[in-house]
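Here's a quick walk through a protein model, meant to be read with the viewer open.

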Amino acid sequence: MGGYNRVCTMLVYLNECVCEKKDSECFEDINGCTLFPLLSLAVPPVQNAALFWTNTDANLKEFDAAVHQGLPVCCGEKWAMNIWIHARDLWNYGTVLDKIRGLELQLNKEYLDKHKDETTEAKESS
């Protein structure tokens with residue numbers, strides 16, 4: 001996925017999938033669920049509820065457990081929206097991690113520049 005990794009995902013359910021059929025073709029207990037197969041977890045859509053998970057670790061290595069899928073809706077409709085947090089600043093074409101590291105380097109340089117005389121004096125006196 002390169003610099004476009006989704007670090008976190010929030011799935012917001014905008015409605016519930018209510019099954020009105022009571023026949024063998026409908027599986028009410030999985031109607032429109034979000035399935036995480038490696039976790040054996042199926043989350044039903046509940047209106048105004050949100051499901052949040054991380055897709056990567058701090059080093060942007062993908063979590064296999066984040067793999068998911070939307071199960072079929074046998075009755076009605078499912079409406080949801082995704083909110084994705086990316087590792088890359090999509091507007092400025094730099095990664096968030098690069099900006100943090102750059103800020104750390106800048107702060108370290110400013111600190112060293114500010115205290116350069118103190119460091120030099122300490123070395124000369126020893």
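What follows goes from the overall picture to the strands and then to a few single residues.

This is a predicted model, so to speak plainly about the ground rules: local features need pLDDT of at least 70, side-chain atom pairs count only at pLDDT 80 or more, and totals for chains, interfaces and linings use all residues. Residues are numbered from 1 along each chain as its sequence is written, and side-chain values use heavy atoms, with hydrogens and water left out.

**Overall picture**

The protein averages a pLDDT of 78, and 67% of the residues score at least 70; pLDDT is the predictor's confidence in each residue, from 0 to 100. Confidence peaks in strand S2 (residues 34-36), at a mean of 94, and bottoms out in strand S8 (residues 94-95), at 58. Where pLDDT is low, the predicted coordinates should not be read in detail.

Two helices and eight strands make up the list of elements, and along the sequence they come as β-β-β-β-β-β-β-β-α-α. Helices (H or I, at least four residues) and strands (E, at least two) are DSSP runs, numbered from the N terminus. Of the 126 residues, 24% count as buried; buried means under 20% relative accessible area, exposed over 50%, and partly exposed in between (1.4 Å probe, protein chains only). The protein exposes about 9,400 Å², with carbon and sulfur atoms supplying 57% of that; the areas come from the Shrake-Rupley method with a 1.4 Å probe, and for residues only the protein chains shown count as cover. Among contacts (heavy atoms within 4.5 Å) between residues at least 6 apart in sequence, 73% join residues at least 24 apart.

**Strands**

Strand S1 (residues 6-13) runs antiparallel to S4, joined to it by five bridges. Two strands pair if DSSP finds at least two bridges between them. Val12 stands opposite Ala50 in S4. Which side chains of strand S4 (residues 50-54) are buried? Leu51 and Trp53 are, pointing to one face, while Ala50, Phe52 and Thr54 point to the other and are not.

There's also an open sheet of three strands, ordered S3-S2-S5 with antiparallel pairing. Its edge strands are S3 (41-43) and S5, each pairing on one side only. Two bridges link S2 and S5.

**Leu35 and others**

Leu35 lies in strand S2 and stands opposite Gln69 in S5. The C-alpha atoms of Leu35 and Gly70 are 6.2 Å apart, though 35 residues separate them along the chain. Not counting residues up to four places away in sequence, Leu35 touches Leu41, Ala42, Val67, His68, Gln69 and Leu71.

Two non-glycine residues have a positive phi: Ser40, near 50 degrees, and Leu60, near 70 degrees. Here they are alongside Leu35, by location and accessibility:

| Residue | Location | Relative accessible area |
|---|---|---|
| Leu35 | strand S2 | 22%, partly exposed |
| Ser40 | loop between S2 and S3 | 69%, exposed |
| Leu60 | loop between S4 and S5 | 24%, partly exposed |

**A surface patch**

Leu14, Trp79, Met81 and Ile83 form a nonpolar patch on the surface, with about 390 Å² of accessible area together. Patch residues have over 30% relative accessible area and no salt bridge; like charges are joined within 9 Å, nonpolar side chains (Val, Leu, Ile, Met, Phe, Trp, Tyr) within 5 Å. A salt bridge is a side-chain nitrogen of Lys or Arg within 4 Å of a carboxyl oxygen of Asp or Glu. Trp79 sits in the loop between strand S5 (69-70) and strand S6 (80-86).
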